[in-house]
Structures are given as structure tokens and as C-alpha cells.
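Here is a quick look at how two chains are built and how they meet. Have the structure open while you read.

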Amino acid sequence: MSLDTAVIMALEILNSITILVLLALGLALIFGMMRIVNLAQGEFFTAGAFTVLTAVRYAHLPLWIGMLLAPCVVAGIGIAIEWLIIRRLYGRPLDVMLATWGVSLLLIGLITVIFGAVTQGIPFALGNFAVGRYSYPEYRIVMTTVAAGLMLSVYLLFRYTGFGRRARATIANPEMASAAGINTPRMFMLTFGLGAGLAGAAGAIMAPIVGVVPTMGVLYIARAFITVVVGGPVVLLGTLSSASALGFIEALISRFPLFRIETAGHCAPPPCEISIGGSAFFGQIALLIFAILLLRLLPQGISGFWRQRE
Amino acid sequence: MRRISSPEALSALLVLLPLLAVPWAFKPYTANVLAVYMIYGLLAMSLGLIWGYAGIMSFGQTAFFGIGAYAYGAIGLNLIDRTHQTHAALLGGLAAAALLAAVVGYFMFYGRISDVYASIITMALTLVLFAFAVSTGGDEWVIGVARFGGFNGMFGQGESSQNIANFQIPPVTLWLPGMAAPFEFKINRESTAGYFLVLGASVVIYLLVRFLLRSRLGRVTVAIRENEARVASLGYDTRFYKLALFTIAGAIAGLAGMLFAAWGRFVNPDRFGLGFAASTVVYVLLGGRTNLLGGFVGAAIIGHLTSYLAEVVPFTTIPGDAGPWVTFLMEASRRIVREAPLLVQGAVLVGVVLVLEDGITPPLFRFLTRHRRWGWWLLLPAVLLYFGHRVACLQADLCVF
């Protein structure tokens with residue numbers, strides 16, 4: 001393997017990891033801290049992308065303003081949903097899951113009613129840069145930077161600010177936190193809103209490179225959940241490590257065909273073959289299988305495994 | 001236990017009797033639609049079985065349904081011209097669904113994955129199968145003469161000049177020793193055999209599952225739902241019991257899938273889609289998961305609701321001289337109706353969870369148990385009203401089915 005191929009391969013692995021981190025970060029926050037399985041997270045992602053689309057297409061604002069607007073709008077939606085529905089269901093994990101699935105379907109329906117079931121694109125002006133014989137999109141580097149920035153901000157927010165301390169206290173022991181004068185329902189609401197906002201940011205950032213369509217969240221929700229489940233109970237490091245492991249496998253299998261199977265179909269150029277590996281779809285299959293095997297070995301996820309060993 | 005289950009058995013009988021008469025009283029279309037509601041009900045019952053009785057919430061029960069349908073289609077298409085029956089296809093579809101359920105169940109239960117994780121994994125499984133089924137549009141995706149066909153669904157390979165019926169998935173066809181000719185279970189003007197096949201399968205599976213739940217396996221799984229640690233400490237291998245029930249439920253879902261493929265003579269990736277997965281959960285949630293009838297009840301209610309919504313809202317064209325508000329309202333209502341299935345499902349999910357935790361049938365059966373003497377007389381008008389309304393609108397030629 002020549003040097004430029006190796007660099008491109010590394011960049012693609014980095015890109016896979018970036019996407020998984022972006023998708024999983026908000027979910028990890030909501031699931032890891034509040035133990036809520038939020039199936040509407042995919043639609044928060046969609047809502048973020050549609051905010052950007054509305055800002056750019058219909059309000060004619062610059063792209064970056066749309067991208068800053070998206071997390072705020074989606075955080076608002078998240079807070080409203082927490083206040084209306086999820087608040088009534090704390091302590092009933094399965095019911096929360098079903099209710100958020102209902103919210104997810106309602107949001108898909110609502111977005112389709114408003115925008116129609118068509119795929120729309122968002123134009124943006126960033127080119128490619130050269131890596132030896134290959135060229136690579138600059139925007140992907142921007143995405144990685146933003147993902148790293150988001151992770152760092154979440155860390156700083158929870159580690160060093162007053163809000164972060166109160167939120168961690170609420171999650172660790174709600175009764176005690178409440179007795180110490182912390183408004184715990186408000187903390188749950190804000191944490192949920194933050195998780196929603198992060199999904200909105202992810203949707204906004206990924207909007208220019210994917211088709212914006214009301215059902216887009218569905219395509220990503222499974223991967224986001226797998227990343228979070230494999231990551232285990234430690235929110236940031238768990239997400240990062242599982243995104244790295246899964247992203248590596250996904251990028252590798254997407255890139256290299258493993259073997260071919262000949263079939264009896266009537267193909268236009270005669271040899272009729274199915275190539276196993278070498279496409280984005282097989283990358284996702286490999287990710288799922290790897291995740292299931294990993295969970296068989298480490299039922300508490302990667303970071304749960306660390307904790308057990310301590 | 002006896003006392004709670006007896007209203008269930010009686011209401012099952014009460015619904016079964018009119019269903020037996022349907023092919024003679026109504027159009028073939030009614031039999032066709034009721035057959036597919038029963039197929040969905042069978043699928044929902046398989047989910048209710050593992051969710052209500054073992055506490056395993058599977059978002060991906062439709063994965064086994066879809067696998068059963070695709071396997072039946074692939075084997076049936078390949079063998080029907082040679083053997084003129086679909087026995088092997090029926091066995092193959094059942095085996096494929098049960099095998100998939102056993103493998104997934106093994107990793108979930110023997111990996112001791114918690115309940116919530118199990119839901120997520122089953123959902124991911126369905127979505128991956130959806131992605132797979134969609135990506136098989138190319139000419140190279142064939143098994144023998146069966147083309148996967150991507151979004152277009154599964155068909156046999158044939159010349160385009162031929163009648164399309166020649167390369168559709170075959171209906172359930174029996175040719176047992178001693179029969180002069182193969183017998184096809186179809187639903188059309190001439191035949192109601194397909195309807196009675198689905199009805200018969202539903203009744204038989206329902207009775208078998210009731211029997212199963214009284215057996216050791218059923219009692220142990222209910223105990224696991226209540227307190228897994230205690231059952232394990234009594235010496236039962238809880239993983240094995242969960243896996244066994246999950247596999248059986250997967251096989252029932254696969255059976256429903258085969259009936260579906262044979263009913264519509266068609267299967268496409270939508271059976272793996274999120275919408276179908278959602279509607280199955282909605283059927284069980286609405287109908288009630290603490291008894292086996294709930295799934296059927298939920299499927300019938302939601303099925304009727306969505307088809308009524310499609311019927312009642314007028315699809316007239318918007319007049320050119322209408323004001324902006326009228327145009328806006330008409331366009332909005334039209335778009336809302338187009339998305340009605342999704343919106344109804346979402347609203348039912350949120351509504352049932354917030355308001356009606358157990359679904360419809362458990363409170364109904366409790367009511368019937370409490371007022372054993374006169375409670376039934378309240379059900380009778382409901383049944384009469386429903387069938388009377390169907391007959392009336394058929395007479396007036398107003399209803400679509």
C-alpha cells in the first residue's frame with residue numbers, strides 16, 4: 001500500500017468515526033445520564049437538517065447562520081417534548097421508549113406534511129484537497145473539527161460550570177440534589193434539551209453532505225444507538241472509544257471487497273457477481289455484526305468493561 | 001387464571017362466528033382485507049407473546065415476518081413449476097424465521113443483554129435487513145429464478161411478454177398424496193379458500209399458544225417476567241426459556257410473513273421498514289399485551305381506522321378561484337391525510353402510554369369478569385352495529401370494502 005492510499009484510508013476511518021461521534025453524542029448524553037432511550041433522537045437530527053434547509057432555501061440566510069440556529073431550534077423542540085410527555089414517564093423506561101417512538105413518528109409525519117416527501121440538497125462552497133493521486137473533500141475535515149469541538153465543549157460544560165455540577169448532582173442522586181436546593185426537574189429538562197440540541201447540531205453539520213428528507217433520521221438512528229450501547233455507561237470516553245472501534249471496522253469493510261459470489265442472474269455484462277464488502281452497505285452490516293459480537297463479550301459495553309476491571 | 005381467561009375465550013368465539021360467515025355475506029374484497037388484518041394480528045400476537053408473557057420488548061418482530069415472506073417467495077418461485085406445491089417453501093420460510101430468531105436470541109439472552117438493549121438490537125436488525133432488501137435491485141441478486149428486485153419486491157425471472165401471474169410468488173398450494181390435482185388457497189370471486197386458510201391458521205396458532213402458555217415453558221417464562229433472579233435461583237436456566245419462547249414467537253411471525261407473501265403474492269422491503277415495525281408495536285400496545293387476543297383487536301382497529309381516514313376525506317381538486325385560505329386548508333388536509341398512518345400510529349403510541357397503559361382488551365375483560373351476568377349484552381350491540389353497518393353500506397354501495 002503506497003503512502004497516499006494509506007493516508008486516504010486513515011482519513012476515511014477518521015470520517016467514519018466523526019460521523020458516529022456526531023450521531024451518538026446527544027444520544028449518549030440522554031441515555032448515559034438520564035437512562036432514557038430516546039427514539040426521537042433521529043428526528044431531532046432531521047429537524048436540525050431542516051432548520052438549515054429552511055434558513056438557506058427559504059429565508060436566504062448564510063449557511064453558517066443556519067447551522068448556528070439549528071441546535072437552538074432543536075433544543076427548544078426537545079425541551080418542549082420533555083415538558084409535555086417525558087416528564088410524566090420517569091421511572092418507566094419502556095414506556096418512555098414507546099412514547100418517544102410515537103413522537104418520532106409524529107415528527108416524521110409533521111415534517112413530511114410541511115416540506116413534502118422529497119429529497120432536497122443544500123449547496124455549499126468547499127472544494128477538495130489533493131493527497132498524492134487522490135483528492136479528498138475539505139468539508140470532512142471541517143466536520144471532524146466540529147465534532148472534536150462539540151465533545152470538548154460538552155466535557156468543559158459538565159466538568160467546570162455551575163450548570164454542569166448541578167446536572168451531575170441531579171443525575172447521581174436526585175433526592176439529595178433536590179434537598180440541596182437544586183431544581184431537579186429543570187435539570188432533567190435542560191439536559192434533555194442539550195442532548196436534543198447536539199443532535200440538531202449533528203443534523204445541521206451533516207445536512208450539506210446527505211440528502212435532506214423527512215425520513216433521514218431513520219437511516220442514522222440504528223448506528224447511533226449501537227455506538228451508544230457499545231460505548232457503555234461512561235458518556236464521552238465510551239462514545240469516543242466505541243465510535244473509533246466501529247468506525248474503523250465500517251470504513252475498512254466499506255473500502256475493501258472481501259470476496260465475490262457468482263449468481264444465476266441475467267446481467268448485461270455477463271459475469272453476474274455479488275461483491276461482499278467494498279460498499280457502504282456492507283460497512284454497516286459489518287458494524288452491526290461486530291457490535292453484536294462485542295456485546296456478547298462485553299455486555300456492559302466498552303466503558304462498562306473498564307469499570308469492572310477497576 | 002381460569003376466571004380471567006374465560007371472557008377472553010368467549011369473546012374469541014363471539015368474534016369467530018361472524019368471521020366464519022364473512023365470505024358469503026360480503027364482497028371478496030372484504031374477505032381479502034380481513035385476511036390481511038388477521039395476518040397482521042398473528043404477527044402482533046407473536047409480539048404480544050414475548051412482550052406480555054416474557055417481558056421481552058422486540059421492536060424487530062417484523063424482521064422474522066419479512067424473512068419468512070422472502071424465504072417462502074424464493075423457495076416457492078423456484079419449486080412451484082417443478083413440484084406444483086409449496087410444501088418445501090412453507091417449511092423453508094418457517095425454518096428461516098425460527099433460525100434467525102434463535103441466532104439473534106442466542107446473542108441477546110446468552111450475552112445477558114438487558115431489556116432495553118434487546119429492543120435496540122432487534123430494531124437495528126430490522127433496519128439493516130431493510131437496507132439489505134433495498135440494495136438488492138441489481139440483476140445479480142437472484143436465487144435460482146427468484147429476483148430480489150430491490151424496492152420493487154420479489155418476482156420470478158421471466159420474459160416480459162408473459163402473463164405477470166406466471167412469475168409472481170405462488171399462493172399456498174397443497175398436493176398431498178391421494179389428491180388428484182394441486183389445490184391453491186386463493187381469495188377471489190371463485191374461491192374463499194385463502195381466507196379460510198388464514199382464519200384457520202390464526203385459530204390453530206392461537207389455541208396452540210394458549211396451550212403452550214399452560215405448559216412448563218409458559219409458566220416459567222411468566223415467572224421470569226415477574227422476577228428473573230428468583231427463577232434463576234430456583235435452578236432454572238432462564239436464558240434457555242427466554243430463547244425458546246423468542247424462537248417460537250419468531251417462527252409464528254415467520255408463518256404470518258409466509259401467509260402474507262402468499263396472500264398478496266408479493267413481498268417488498270417495506271415489510272422490514274420502520275413504519276411496519278411501528279404499526280406492529282402499535283397493534284399490541286393498543287389491543288393489550290396481557291392476553292393473546294390484544295394483537296388481533298389492535299390490528300383490526302388500526303386497520304379500519306386508517307382505511308376509513310383514506311375513505312372519508314374527499315380527494316376533490318382545489319377550485320382555481322378558491323381564496324388563499326381555502327386553498328391552504330385543502331392542501332394541508334390533503335397532505336395530513338396522506339401521512340395519516342404515521343400520524344395515527346404516533347398519536348396512539350403517545351396516547352396509550354400516557355393515558356391507557358394496558359391497552360383496550362384487559363379493562364374490557366376485567367369488566368366482563370366483574371359483570372358476568374349482563375356485561376355480555378353490551379358487547380352484542382357493538383358487534384351487531386359493526387356488521388349491520390357493513391351490510392348497510394354494502395347494500396347502498398357506499399363503502400370501499
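## Where the chains meet

Two residues count as being in contact if their C-beta atoms, placed from the backbone, lie within 7 Å. Keep in mind that what you're looking at is a predicted model. On that footing, 37 residues of chain B are in contact with 40 residues of chain A.

Which helices of chain B each supply at least two residues of the side that touches chain A? They are H5 (115-134), H10 (274-287), H12 (324-338) and H13 (340-355). The largest share, ten residues, comes from H5(B). Sorted by class, the side of chain B that touches chain A has 25 nonpolar residues, along with seven polar and five charged ones.

## Chain A on its own

Chain A has twelve helices and four strands. The radius of gyration of chain A is 21 Å, and the globule rule gives 19 Å for 310 residues; the two values are close, so chain A is as compact as a globular protein of that length. Measure out the principal axes and the C-alpha trace of chain A spans about 75 × 55 × 40 Å.

How much of chain A is made up of buried residues? The figure is 47% of its 310 residues. As for contacts in chain A with a separation of 6 or more, 73% of them are accounted for by residues 24 or more positions apart.

## A helix pair in chain A

One pairing to look at is helix H3 (residues 63-84) of chain A with helix H8 (residues 184-206) of chain A. They pack at an angle of about 145°, and their axes are 7 Å apart. The crossing of H3(A) and H8(A) is right-handed.

What sort of residues make up the contact of H3(A) with H8(A)? There are 18 nonpolar residues, seven polar and one charged.

## Chain B on its own

Over in chain B you'll find 15 helices and five strands. Chain B has a radius of gyration of 22 Å, which agrees with the value near 21 Å that a compact globule of 401 residues would have. Along the principal axes, the C-alpha trace of chain B spans about 70 × 55 × 50 Å.

Buried residues make up 45% of the 401 residues in chain B. Take the contacts in chain B between residues at least 6 apart in sequence, and 73% of those join residues at least 24 apart.

Note on methods: Residues are numbered from 1 along each chain as its sequence is written. Chains are lettered from A and ligands numbered from 1 in the order in which they are written. This is a predicted model: local features need pLDDT of at least 70, side-chain atom pairs count only at pLDDT 80 or more; totals for chains, interfaces and linings use all residues. Ala, Val, Leu, Ile, Met, Phe, Trp, Tyr, Cys and Pro count as nonpolar, Asp, Glu, Lys and Arg as charged, and the others, Gly among them, as polar. The radius of gyration is taken over C-alpha atoms; the globule rule is 2.2 Å times the number of residues to the power 0.38. A residue is buried if 20 or more other C-beta atoms lie within 10 Å of its own, exposed if 12 or fewer, and partly exposed in between; C-beta atoms are placed from the backbone. Axes are lines fitted to C-alpha atoms, for helices over the stretch in contact, and angles run from 0 to 180 degrees between N-to-C directions. A crossing is left-handed if the near helix is turned anticlockwise from the far one by less than a right angle, and right-handed if clockwise.
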